[in-house]
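Please open the model in a viewer and keep the sequence panel visible. The tour proceeds by selection, with a short account of what is found at each stop.

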Amino acid sequence: MKKNFAPVTRLVPDLHKAKEISMKLSEKTLAGTAEASNFLTDFADVLLFITRTVKETFSRNFEFREFLLQCFQIGNKTLPLISVTGIIMGLVLTIQSRPSLAKFGADAMLPGMVAVSLIREMGPVITALICAGKIGSGMGAELGSMKVTEQIEAMEVSSTNPMRFLVVTRVLAATLMIPILILYADALGIIGSWIGANIKGDVTFTLFFSQAFSHIDFIDFVPAFIKSIFFGAVIGLVGCYKGYNAGRGTESVGIAANSAVVLASLLVLIVDVIAVQITDLL
Amino acid sequence: MIDPQTDAITPAKTNSINRVVEIKNLRKSFGGQEVLKDLSLQLFNGENLVVLGKSGSGKSVLIKCIVGLLNPEGGTINVFGENVGTLNPDDLSELRKKIGFLFQSGALYDSMTVKQNLEFPLRRIRKVLTKAERDEKIKEVLENVGLADAINKMPSQLSGGMRKRISLARTIVVDPLIMLYDEPTTGLDPVTSDEISLLINKIQKKYKTASIIITHDIECARQTANRIIMLQDGEVYLEGNLERFEKSKDPLIKSFFK
């Protein structure tokens with residue numbers, strides 16, 4: 001039986017179309033491969049950066065003066081912002097929770113509930129997010145501008161290891177100071193809560209504190225404090241990584257600062273999820 | 001291409017003992033584009049070698065390779081007989097103590113005062129100095145660059161010329177044996193450029209340094225050069241003394257020296 005095939009001339013447009021589709025597909029595949037390759041390169045860069053930071057931390061000639069200066073900078077410059085944040089956290093949480101608790105006649109539980117939620121979750125996470133914005137962006141912008149204006153190279157030719165002088169000191173200072181700032185924010189949060197409780201009630205400071213701490217065990221502090229240390233390390237590492245690896249132009253400084261905040265905030269939340277899961281298992 | 005001839009070098013200087021930097025067949029590329037192609041040159045003790053060339057001809061890359069800030073793909077760089085490419089980080093750090101590098105932007109540390117900027121390399125390179133000796137040294141170099149009054153100022157309070165001079169002071173405070181100047185007069189007015197060129201000569205005489213001066217400022221080259229090398233497309237286009245360059249009929253050389 002004779003088969004009828006379409007004439008070649010009629011097939012040509014279809015072939016062209018097929019060629020276009022295959023080219024688009026191959027372009028997309030190549031773009032996807034390039035993206036995957038870039039992601040892997042970035043990931044390797046991050047791992048290398050963390051490894052170098054850890055290695056330099058334990059090397060000789062630790063820059064102690066710069067470390068103390070960075071601790072002072074981080075603590076001193078962030079203190080007013082953290083103070084306001086801490087008080088507002090406690091105040092708002094109390095004002096918002098009070099009506100719901102009052103419905104069940106559980107007003108007396110208010111100090112304990114606020115203290116537990118502040119110490120276990122809200123204090124560390126909100127303070128860390130504020131620090132990611134303030135400290136992370138500051139580190140990204142500072143190191144980024146130092147890179148653009150050749151200051152990091154100037155350090156290298158002055159026989160100074162910039163990783164040791166700039167990165168290690170900042171990461172360690174953030175790892176030490178951010179947990180302390182979080183504890184400070186927790187304390188101010190409880191004071192804010194006491195102020196909130198006194199807006200529509202009358203409770204003495206001593207009574208409020210004793211009620212708050214009667215619901216808290218030492219074990220409530222430990223996981224929160226441990227995750228605070230990780231928050232500090234993450235914020236310091238991300239800020240320094242983004243700044244240290246900024247591009248050459250002035251726009252890179254803005255990009256470094258911006259991406260440091262975004263990535264540090266995201267990682268703080270991811271670390272928090274992991275920490276909550278681990279705490280839940282214990 | 002003109003065959004390079006070193007008619008500026010005196011027979012005494014060609015002695016290998018006097019060679020402080022020796023570069024052979026240096027190659028460096030960025031993203032597939034070759035910036036330096038088989039570049040060879042020598043720097044002799046006590047001389048000012050000016051490296052001329054258009055923007056993008058690889059001048060800055062050359063001195064960044066000498067100090068180990070960039071790794072070349074091929075060739076060798078010997079500084080005081082040590083191959084820069086084979087040094088471990090500690091040895092490279094030791095070698096850098098003998099080299100002063102003046103950055104194009106000055107690269108002063110923004111968060112530090114002028115005094116702290118000068119103290120920074122001094123504390124790390126001249127560790128044996130006491131505080132009084134450090135202060136004395138800082139005062140001396142600031143007087144040498146004519147800016148003793150600026151000791152407590154922040155870099156943001158300084159003009160472009162002042163920043164360059166403070167940067168120069170920070171470089172010479174550790175008594176380097178080799179000076180590498182990256183575009184020392186770029187962005188400065190003619191009067192300040194002349195002042196910087198005079199300072200370069202003063203440093204050469206006072207501290208007996210050998211210098212490589214990267215520039216495209218002909219006035220700076222005229223005032224400072226003992227010998228000139230012109231780079232074009234990552235290669236040595238012409239080498240000689242100032243007279244040879246000024247008498248050249250080559251269109252590219254003439255476009256620089258008109």
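The stops below cover a helix pair, aromatic rings, charges over rings and a loop residue.

The model is predicted, and side-chain atom pairs are counted only at pLDDT 80 or more.

**Stop 1: two helices of chain A**

Select residues 110-148 of chain A, which form helix α3, together with residues 162-199 of chain A, which form helix α5. The two axes come within 8 Å and cross at roughly 145 degrees. The crossing of α3(A) with α5(A) is right-handed. Colouring the contact between α3(A) and α5(A) by residue class shows 18 nonpolar, four polar and three charged residues.

**Stop 2: aromatic pairs**

Next, display the aromatic side chains; over all chains, the whole structure holds eleven aromatic pairs. Begin with F62(A) and F64(A), whose ring centres are 6.4 Å apart. Their planes stand at 55 degrees, and the pair is therefore classed as tilted, a term that excludes angles under 30 or over 60 degrees. Both rings belong to partly exposed residues: F62(A) has a relative accessible area of 31%, and F64(A) has a relative accessibility of 47%.

Move then to W194(A) and F205(A), an edge-to-face pair with 5.0 Å from centre to centre and 80 degrees between the planes. W194(A) belongs to helix α5 of chain A, whereas F205(A) belongs to helix α6 of chain A (residues 205-214), and eleven residues separate the two. W194(A) is partly exposed at a relative accessible area of 24%, as is F205(A) at 34% relative accessibility. Extend the selection to F209(A) and F213(A): ring pairs join W194(A), F205(A), F209(A) and F213(A) into a cluster.

**Stop 3: arginines over rings in chain B**

Which ring does R124(B) lie over? Select F120(B): R124(B) lies over the face of this ring, at 4.0 Å from its centre. Then select Y109(B) and R170(B); here R170(B) lies over the ring face, at 4.6 Å from the ring centre.

**Stop 4: a loop residue of chain A**

Finally, select S159(A), located in the loop between α4 (151-157) and α5 of chain A. Is S159(A) buried or exposed? Its relative accessible area is 15%, and S159(A) is therefore buried, the limit for that class being under 20%. To see its surroundings, show S93(B), R96(B), K97(B) and I125(B), which S159(A) touches when residues up to four places away in sequence are not counted.

Conventions:
Residues are numbered from 1 along each chain as its sequence is written. Chains are lettered from A and ligands numbered from 1 in the order in which they are written. This is a predicted model: local features need pLDDT of at least 70, side-chain atom pairs count only at pLDDT 80 or more; totals for chains, interfaces and linings use all residues. Side-chain values use heavy atoms; hydrogens and water are left out. Axes are lines fitted to C-alpha atoms, for helices over the stretch in contact, and angles run from 0 to 180 degrees between N-to-C directions. Helices (H or I, at least four residues) and strands (E, at least two) are DSSP runs, numbered from the N terminus. A crossing is left-handed if the near helix is turned anticlockwise from the far one by less than a right angle, and right-handed if clockwise. Ala, Val, Leu, Ile, Met, Phe, Trp, Tyr, Cys and Pro count as nonpolar, Asp, Glu, Lys and Arg as charged, and the others, Gly among them, as polar. Rings of Phe, Tyr and Trp (its six-membered ring) pair if their centres lie within 6.5 Å; planes under 30 degrees apart count as stacked, over 60 as edge-to-face and the rest as tilted. Buried means under 20% relative accessible area, exposed over 50%, partly exposed in between (1.4 Å probe, protein chains only). A charge sits over a ring if NZ of Lys or CZ of Arg is within 6 Å of the ring centre and within 35 degrees of the ring normal. Contact means heavy atoms within 4.5 Å.
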